[in-house]
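Me: I would like to go through this structure term by term, setting each value against the cut-off that stands behind it. Could you explain the reasoning as we go?

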Amino acid sequence: MAYKISDECIQCGACAAECPVEAISEGDTQYVIDPDTCIDCGNCAEVCPVGAPSSDD
């Protein structure tokens with residue numbers, strides 16, 4: 001299951017910089033993860049200072 005970014009996102013961009021497949025992009029109010037591109041590696045969750053990315057597995 002792909003990771004998703006919650007409303008906790010503070011738009012710091014740390015997650016996007018760590019994504020090896022460039023699945024994360026800046027949205028209007030927060031960063032978003034493309035579920036078709038996400039490989040469920042968890043790098044985004046490891047670097048997020050507020051714990052916004054999570055997996056629904």
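Me: What makes a residue count as one that isoleucine 33 touches, and which residues are these?
Reply: A contact requires heavy atoms within 4.5 Å, and, leaving aside residues up to four places away in sequence, isoleucine 33 touches Tyr3, Lys4, Ile5, Ala23, Ile24, Cys38 and Cys44. This is a predicted model, in which local features need pLDDT of at least 70 and side-chain atom pairs count only at pLDDT 80 or more, whereas totals for chains, interfaces and linings use all residues. Residues are numbered from 1 along each chain as its sequence is written, and side-chain values use heavy atoms, with hydrogens and water left out.

Me: What makes a set of residues a nonpolar core, and how many residues has the largest one here?
Reply: The term covers buried Ala, Val, Leu, Ile, Met, Phe, Trp, Tyr and Cys residues that are joined through side-chain atoms within 4.5 Å. The largest such core has 14 residues, and those with the most contacts inside it are Ile5, Cys15, Ile24, Tyr31, Ile33, Cys38 and Cys44. Strands S1 and S3 (31-33) each supply at least two residues of this core, where strands are DSSP runs of E with at least two residues and helices are runs of H or I with at least four, numbered from the N terminus.

Me: Why is cysteine 44 called buried or exposed?
Reply: Buried means under 20% relative accessible area, exposed means over 50%, and partly exposed lies in between (1.4 Å probe, protein chains only). Cysteine 44 has a value of 8%, so it is buried.

Me: How do you know whether cysteine 44 has a sulfur partner?
Reply: A disulfide is a pair of cysteine sulfur atoms within 2.5 Å, and the closest cysteine sulfur to that of cysteine 44 is in cysteine 41, 6.3 Å away, which is therefore too far for a bond. A search of the whole structure finds 0 disulfides. Cysteine 38 is likewise in no disulfide, its nearest cysteine sulfur being that of cysteine 44, 6.3 Å away.

Me: Why is cysteine 9 called buried or exposed, and what does it touch?
Reply: The relative accessible area of cysteine 9 is 15%, so the residue counts as buried, although its place is in the loop between strand S1 (3-5) and helix H1 (14-18). Beyond residues up to four places away in sequence, cysteine 9 touches Gln30, Tyr31, Val50 and Ala52. The C-alpha atoms of cysteine 9 and alanine 52 are separated by 5.3 Å, with the two positions 43 residues apart along the chain counted as their separation.

Me: Which class does valine 47 fall into, and why?
Reply: Valine 47 has 31% relative accessibility and therefore counts as partly exposed. Its place is in helix H2 (residues 43-47), and valine 47 touches Ala14, Cys15 and Glu18, not counting residues up to four places away in sequence.

Me: Why is glutamate 22 called buried or exposed?
Reply: Glutamate 22 has a relative accessible area of 70%, so it is exposed. It lies in the loop between H1 and strand S2 (24-26), and it has a positive phi of about 55° although it is not a glycine.

Me: How do you know how compact the protein is?
Reply: The protein has 2 helices and 4 strands. Its radius of gyration is 10 Å, close to the 10 Å that the globule rule gives for 57 residues, so it is as compact as a globular protein of that length; the radius is taken over C-alpha atoms, and the rule is 2.2 Å times the number of residues to the power 0.38.
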